[in-house]
Amino acid sequence: MSTSWHPSASIDNLKVRAQVLWNVRKFFHNHNVIEVQTPLLGRTTVTDRYITPFEILGEGYLQTSPEYLLKRLLAAGMPSCYQLASVFRDDESGRWHNPEFTMLEWYRIGFSATDLQREVAELVDCILGKAEYVTWSFDTLIEQQLSIELAPLNSQKLQSILPKLGYHGTLKTHEVNDFLYSQATQRPLPPRLFICDFPKESAALAKTKMVNGKVVAERFELWVNQLEIANGYDELVDAAELSRRMDRDNQLRDDDGLPKIAKDIKLLAAMEHGLPTCAGVALGFDRLCALKVNANSIDEVLSFSNARV
């Protein structure tokens with residue numbers, strides 16, 4: 001841990017960050033999207049196997065995302081809304097990660113995932129300047145970047161291909177998909193790239209649909225200059241299906257020797273009451289600011305990174 005009392009970011013970068021904050025709020029004001037605040041400490045948290053929350057004994061969890069609470073607001077009648085605030089994830093430190101980071105998350109009632117992609121691009125253009133966007137499906141990404149033809153892709157073919165890429169794990173679908181995605185996105189990408197139509201195993205809280213006879217998640221990510229900055233869904237509104245997915249998450253956690261996370265029964269009750277048709281997205285605000293100032297890490301746009309607090 002550094003003993004320096006100095007901030008992580010330069011004062012000039014913090015001034016730019018302040019301007020970006022103002023521009024984001026102005027953007028949503030002009031689009032009639034309401035800013036809301038939800039608690040940073042909650043009784044429950046996400047069941048996602050790949051997210052590790054901070055638990056505060058006797059109190060609950062520092063929130064890894066405002067998603068559950070924002071959806072409860074939407075079910076209660078809140079119009080399209082956003083939150084810009086700190087979130088917390090354990091075991092996330094590095095060049096583009098900090099255990100506490102700022103997330104911009106918003107939900108648009110009546111939007112599809114495609115509608116929301118356009119609005120994400122509009123916001124990014126507002127902050128970084130206009131540019132062309134490329135859209136690839138998950139399958140196109142893998143085929144384009146790794147020269148792997150995904151249809152058909154059986155276990156015999158995988159056993160031949162994967163070791164050449166450095167993979168020696170199981171042939172579980174979600175693990176193979178995660179590996180292929182990681183490999184593909186480490187290679188040069190178009191400067192502004194939307195990736196959509198993810199495998200159904202990575203749907204999380206997104207709806208699914210059929211594309212060319214294959215079930216895919218109505219989910220997208222935005223990558224800017226090799227950096228993933230946004231993850232959006234056409235939101236699942238079926239409480240029973242969400243409960244089943246939470247069960248699957250906990251089975252994965254149990255398989256990996258991780259503690260199970262209790263289902264958020266208040267979220268499920270809100271969804272049973274009726275979550276309006278909507279699309280939602282989470283955008284890494286620190287990463288957006290880092291792109292704005294051409295930083296080499298998010299430390300350069302944080303007042304005090306975890307190493308300096």
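This dialogue covers cavities, backbone angles and one arginine in a predicted model.

Trainee: How should I read empty space inside a structure, and how many cavities are there here?

Mentor: Rolling a probe the size of a water molecule over the atoms shows where empty space is left. In this model, the count comes to two cavities of 30 Å³ or more.

Trainee: What volume does the largest cavity have, and which residues line it?

Mentor: The largest cavity holds about 40 Å³ of space. Its lining consists of T38, P39, L40, Q63, S65, P66, L69, Q83, S86 and V87. Strand 5 (residues 81-88) supplies the largest share of that lining, namely three residues.

Trainee: Which classes of residue make up the lining of the largest cavity?

Mentor: Five of the lining residues are nonpolar and five are polar, while none is charged.

Trainee: What can be said of the second largest cavity?

Mentor: The second largest cavity has a volume of about 30 Å³. The residues around it are T45, V46, Q63, T64, S65 and Y68. By class, this lining has two nonpolar and four polar residues, and no charged ones. Q63 and S65 appear in the linings of both cavities.

Trainee: Let us turn to the backbone. What sign of phi should I expect?

Mentor: Most residues other than glycine have a negative phi. In this model, A204 has a positive phi, near 55°. Q226 is not a glycine either, and its phi is positive at about 70°.

Trainee: Where are A204 and Q226 found?

Mentor: A204 sits in the loop between strand 8 (192-199) and strand 9 (208-211). Q226 belongs to the loop between strand 10 and strand 11 (227-234).

Trainee: Why does A204 count as partly exposed?

Mentor: The class of partly exposed runs between the cut-offs of 20% and 50% relative accessible area. A204 is partly exposed because its relative accessibility is 30%. Q226, with a relative accessible area of 32%, is also partly exposed.

Trainee: Is R219 buried or exposed?

Mentor: R219 lies in strand 10 (residues 214-224). Its relative accessible area is 12%, so R219 is buried.

Trainee: Which side chains make polar contacts with the side chain of R219?

Mentor: One is the side chain of E221, at 2.7 Å. Another is the side chain of N231, at 3.0 Å.

Trainee: Which residues is R219 in contact with, leaving aside its neighbours within four places in sequence?

Mentor: With those neighbours left aside, R219 is in contact with I195, C196, D197, F198, S202, A206, N231, G232 and Y233. N231 thus appears in this list as well as in a polar contact with R219.

Key:
Residues are numbered from 1 along each chain as its sequence is written. This is a predicted model: local features need pLDDT of at least 70, side-chain atom pairs count only at pLDDT 80 or more; totals for chains, interfaces and linings use all residues. Side-chain values use heavy atoms; hydrogens and water are left out. Helices (H or I, at least four residues) and strands (E, at least two) are DSSP runs, numbered from the N terminus. Buried means under 20% relative accessible area, exposed over 50%, partly exposed in between (1.4 Å probe, protein chains only). A polar contact is a pair of N or O atoms within 3.5 Å; within protein, one must be able to donate a hydrogen and the other to accept it, and residues adjacent in sequence count only if both atoms are side-chain atoms. Contact means heavy atoms within 4.5 Å. On a 1 Å grid over the protein atoms alone, a cavity is a set of points where a 1.4 Å probe fits but cannot get out, and a pocket is an open set with protein on both sides within 12 Å along at least five of seven lines; lining residues have an atom within 4 Å of a point. Grid points are joined across faces, edges and corners, and a volume is the space filled by probe spheres set on the points. Ala, Val, Leu, Ile, Met, Phe, Trp, Tyr, Cys and Pro count as nonpolar, Asp, Glu, Lys and Arg as charged, and the others, Gly among them, as polar.
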